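Me: I am new to this structure and would like to know what stands behind the words used for it. Let us take the terms one at a time.

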Amino acid sequence: MALAFFFALLARTVAFVGDELDAETLERMREREVFLQEQMTLQWQHVENLGQSWIGIRALSSVLPYGKVCSLLERMRQVFLRKRMEKLPLSLPQLEESNLKKSRVDIQALLFSVLPYWKVCSVLCILFLFLWFMWKICKKFQRTEDIGDEESSIREQEKAEEEGSNLLRADVLWPEQIHRDNCEQVLLLFGRLINLCQYLVSDTFFPVPELPIGVGSAYEGWCPPENEPIFRLLVPLSAPRGHVFHLDLGAAGELPARNSRIRVDLECTCGREQEMGMRCFLHTSKEELGNQHPSLLRDFCEDAYLDVEKTVRWFQVLITNAWKYMPEAETCTMSVGFSGRSCRIHLTDIHKTDFVAETVFGVQQENTDIFLSSQETEAAFTPSTTWPQSCAVAEEKFFQHIATHDQGNTFNNLRYVQVGAHILAGQTFSPYQLRTVLMHLLTAIPLEGWHVSYFLQRMDDILRYLRCCVEEKRLNHFLIGNEDVPAEIILPQEFRASQPLNLLQHLVQDPDSYEQALQELQELQDRLTGLLIDSN
């Protein structure tokens, strides 16, 4: 664009110089016209003189001989030519030299007319060179970034393949001990915190927190430690003195119950007032109650049902106050955040290592391993007074049962669930469904068959079992209606007497989901085959 501007300016300047040259040429043409008119006048005078001379010559020819007359005419012609040449303004060489000088002057005029624009031309040239260099540099950097992105994607792919192949190698040192140590340390720390919380609420009518129970992916091995696991803890709650929790399971026959609630009732303490250190809420007037702390119904309930959000906010304040009395508070930091139906606690130790713990709350159903908990549900909206049934404690207890009876340490739960989590990445199958398959196979195959030497065979069995379940559109819940559940797992009677719950019921109702599940099963099998090839 700069070059186009320069040439346009030059063309305009040349046209201006051309106008000056045309004016000079016109002036010379006028001078030539005047000269030719003068010559015509001289010629006419010469013709008249010749006429007069011819008369004289004819007169002389009659007197003189012919030869004399011819020589006289030749001398007259020479005199005429000499006079004519004297009257010419310039000779031919002089005319050519004059034209050459004028052309030189024209060229100099052209150059001097362009000379004032040399600064503009220089700036435009420098700008053009700068833009050209910038374009080359940007192109080079873009090429470097493309090469870097390609190399980064290749490294990530190689790293994923290496991690996948390491999952199947028996000689790789698994961080299982470190994983278990971290889980135990978190449990111990929160156990001491809960002890302080119990002391702080001992003279109140707040819910009484019990020792936490480790549940979820971190304690089951689905999230390896290098992926910054969230340590999920279930904190059981018991009713304070003078109160009773009654569990309302909602619609009959729904297992696990999704709309269950916890009703809070007052208990008569007459006759035990001195022993319990309180007056009976039921049979004591407000005036007689005096300065006694209010009951749980006033601050924690909504229409006599325990409110999840109010309970979570209360625990958030309680554990923050309890942390102040912990010796670790001098070297470690803790922050507690409200997360709807749970508390999220961030801990940073003296070595700047971060731990994230999520605490959910539950009320035990009689003396079983089933709890009504504050866990999130799949529903878009869950009322604050809803405490759905949770089997997390019972399932965690099952794996502890397997570990207790595995005398030869042949079964490695962490190894199976890590491989399972790896091949399930990006699929609609949930780790819970794969874990359910694993629990069914653990009751069907003796523990000796789970030795590390049979690892690949057992992984293939897990996928084959899952394929059969998808083809039949049925995967039974492990704890509901299953006679193979160990007796050590304490379940409500309705769990054992109920019909099995189908976890793949959505495949029966949605044919498209069924076709997608079959395709994903093939992808899972291909991923496992790829891991087998990479490990060899």
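Me: What makes up the lining of the largest pocket, by class?

Reply: This is a predicted model. The lining has 18 nonpolar, 13 polar and eight charged residues. The space in this pocket is about 1300 Å³.

Me: Which residues lie nearest the centre of the largest pocket?

Reply: Of the 39 lining residues, Gln375, Glu376, Glu378, Gln389 and Tyr432 lie nearest the centre. Two or more lining residues come from each of helix 6 (217-220), strand 3 (230-238), strand 12 (389-390), helix 11 (392-405) and helix 13 (431-444). Helix 13 gives the most, with four residues.

Me: Why is helix 11 called oblique to helix 13?

Reply: The two helices pack at an angle of about 40°, and their axes are 12 Å apart. Angles under 35 degrees count as roughly parallel, and 65 to 115 as roughly perpendicular. The angle of about 40° fits neither range, so helix 11 is oblique to helix 13. Their crossing is left-handed.

Me: How do you know which residues of helix 11 and helix 13 meet?

Reply: Contact means heavy atoms within 4.5 Å. On the helix 11 side, Glu395, Phe398, Phe399 and Ile402 take part, and they meet Tyr432, Arg435, Leu438, Met439, Leu442 and Thr443 of helix 13. By class, the residues of this contact are seven nonpolar, one polar and two charged.

Me: What makes helix 13 roughly perpendicular to helix 14?

Reply: The axes of helix 13 and helix 14 (residues 455-472) cross at roughly 110° and come within 10 Å. The range for roughly perpendicular is 65 to 115 degrees. The crossing angle falls in that range, so helix 13 is roughly perpendicular to helix 14. In this contact, Leu434, Val437, Leu438, His440 and Leu441 of helix 13 meet Asp461, Ile462, Tyr465 and Leu466 of helix 14. Seven of these residues are nonpolar, one is polar and one is charged.

Me: What is the omega of the peptide bond that joins leucine 255 and proline 256?

Reply: Omega is about -15°, and the bond is cis. Most peptide bonds are trans. Proline 256 sits in the loop between strand 4 (243-248) and strand 5 (261-266).

Me: Why is the phi of aspartate 303 worth a remark?

Reply: Most residues other than glycine have a negative phi. Aspartate 303 is a residue other than glycine, yet its phi is positive, near 55°. The loop between strand 6 (301-302) and strand 7 (305-306) holds aspartate 303.

How values were computed. Residues are numbered from 1 along each chain as its sequence is written. This is a predicted model: local features need pLDDT of at least 70, side-chain atom pairs count only at pLDDT 80 or more; totals for chains, interfaces and linings use all residues. Side-chain values use heavy atoms; hydrogens and water are left out. On a 1 Å grid over the protein atoms alone, a cavity is a set of points where a 1.4 Å probe fits but cannot get out, and a pocket is an open set with protein on both sides within 12 Å along at least five of seven lines; lining residues have an atom within 4 Å of a point. Grid points are joined across faces, edges and corners, and a volume is the space filled by probe spheres set on the points. Ala, Val, Leu, Ile, Met, Phe, Trp, Tyr, Cys and Pro count as nonpolar, Asp, Glu, Lys and Arg as charged, and the others, Gly among them, as polar. Axes are lines fitted to C-alpha atoms, for helices over the stretch in contact, and angles run from 0 to 180 degrees between N-to-C directions. Angles under 35 degrees count as roughly parallel, over 145 as roughly antiparallel, 65 to 115 as roughly perpendicular and the rest as oblique. A crossing is left-handed if the near helix is turned anticlockwise from the far one by less than a right angle, and right-handed if clockwise.
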